[in-house]
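Colleague: Before I rely on the labels attached to this model, I should like to hear the grounds for each of them.

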Amino acid sequence: MQNELRQWQHHRYSAGRMKIDGATQVVGVFGSPITHTASPAMHNAAFAALKMNWVYLPFQVAVADLRAALQGVRTMNMVGVNLTVPHKIAAVELMDEVDPEACQLGAVNTVVVANNRLVGYNTDGYGFARAIFEEFNLTLKDKRVLVLGAGGAGRAISVKCVLDGAETVWVANRTPGKAAAIQQTAGKDGVVIPIPLTNDAVRQVIGKVDLLVNATSVGLRAADSLSLDPALFTSDLYVYDTIYQPAETELLKLAHAVGAKSANGLSMLLHQGVRAFEIWTKKMAPLAKMRQALKTAVYGDPK
Ligand code: ATR
């Protein structure tokens, strides 16, 4: 997912004695850059746990080479691939078939080869909804959600909120046109409301908001700040930050300080991966193993 671009360190996972032979099934991830990805750790841990003869590899793919690389997935009989920044939107046009939710999100992050055809899915929206349910025991139905950011992550989250029946989705973005574009494509009149990303604009709606989501890239670096007024935060707010490194961003600290329930984006990364795993393998993903591998890859070995 988008967030993977935001990580600084390289994640390494040792699957023990991984055996590669002529029958090994290959999946992977295309991105540029790609060295930061934690997805191989998560998926290879799952294959090892289920004793599957599969491997998940990272591939550096330039924008201009995406079409050829995707044809390679088909011609080399790979099972499928994940797509991360900057390929998710361009890939929609390169699929033979696009799942309806991926179509509505306007982006593909998971490709599977079925009957020699490239079929595109988007598991980011699922990952978000599943993360919110796991972290907060909340569904998006009838919720009033404030999404900060209207880039790839902001779009996927906002549209998923609409698809799952949220009552209102305010999209606050520094560049107003991008939030307005989400409103135009979200499909349901009046649900998505673009607002400026300013304290004044947020102050006007925050009293009505159930769930606040940071989908901007602000928070990755210690020096970054959304400059939100701490007085905007109240204990009855649920706060989700799609950033997971650092584990506690400035936004999450503000939420924490008032006793609001909060969580970081590792759960979204996990669940989009879990769904991709299930699409490719048609097996139930070993959730606990994947979560542990991801945590170790991102935050280091707890030992
Ligand atoms: P991703 O795919 O991770 O969502 P993206 O598409 O590049 O990444 O989007 C980044 C988001 O973070 C955008 O909403 C961006 O705002 P703009 O659309 O105005 O560029 C937001 N963002 C990045 N830096 C920001 C900053 N310093 N202040 C506010 N918003 C910022």
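The exchange below takes up helix packing, aromatic pairs, a helix and its end, and backbone geometry.

Colleague: What kind of model is this, and which residues and atoms count?

Modeller: The model is predicted, with local features requiring pLDDT of at least 70 and side-chain atom pairs pLDDT 80 or more, whereas totals for chains, interfaces and linings use all residues. Residues are numbered from 1 along each chain as its sequence is written, and side-chain values use heavy atoms, with hydrogens and water left out.

Colleague: How do you describe the packing of H5 and H6?

Modeller: Helix H5 (residues 152–163) and helix H6 (residues 176–185) pack at about 35 degrees, with their axes 10 Å apart. Helices here are DSSP runs of H or I with at least four residues, and strands are runs of E with at least two, numbered from the N terminus. Each axis is a line fitted to C-alpha atoms, for helices over the stretch in contact, and angles run from 0 to 180 degrees between N-to-C directions. The crossing of H5 past H6 is right-handed; that term applies if the near helix is turned clockwise from the far one, and left-handed if anticlockwise, by less than a right angle.

Colleague: Which residues of H5 and H6 meet?

Modeller: From H5, Gly154, Arg155, Ser158 and Val159 meet Ala181, Ile182 and Thr185 of H6, where contact means heavy atoms within 4.5 Å.

Colleague: What makes the pair of Tyr56 and Trp280 tilted?

Modeller: The structure holds seven aromatic pairs. For Tyr56 and Trp280 the ring centres are 6.0 Å apart and the planes stand at 55 degrees, so this pair is tilted. Rings of Phe, Tyr and Trp (its six-membered ring) pair if their centres lie within 6.5 Å; planes under 30 degrees apart are stacked, those over 60 edge-to-face, and the rest tilted. Tyr56 belongs to strand E2 (residues 54–60) and Trp280 to helix H9, so the pair ties together parts 224 residues apart in sequence. Both Tyr56 and Trp280 are buried, a term for under 20% relative accessible area, with exposed over 50% and partly exposed in between (1.4 Å probe, protein chains only).

Colleague: Why is the pair of Phe136 and Tyr238 called tilted?

Modeller: Their separation is 5.1 Å centre to centre, with 55 degrees between the planes, and the pair is tilted. Phe136 lies in helix H4 (residues 124–136) and Tyr238 in strand E11, so parts 102 residues apart in sequence are tied together. Both Phe136 and Tyr238 are buried. Ring pairs also link Phe128, Phe136, Tyr238 and Tyr240 into a cluster.

Colleague: How do you know that the length of H9 agrees with its expected span?

Modeller: The expected span is 1.5 Å times one less than the number of residues. For the 16 residues of helix H9 (residues 266–281) this gives 22 Å, and the end C-alpha atoms are 22 Å apart, which agrees. Of those 16 residues, 14 are buried, so H9 is largely enclosed by the rest of the structure. H9 is followed by Lys282, with a positive phi near 60 degrees.

Colleague: What makes Asn115 notable in its phi, and is Asn115 buried or exposed?

Modeller: Asn115 is not a glycine, yet has a positive phi of about 50 degrees. Most residues other than glycine have a negative phi, and most peptide bonds are trans. Asn115 has a relative accessible area of 76% and is therefore exposed.

Colleague: Which peptide bond precedes Pro33?

Modeller: A cis bond joins Ser32 and Pro33, with omega about 5 degrees. The bond from Val85 to Pro86 is cis, with omega near 5 degrees.
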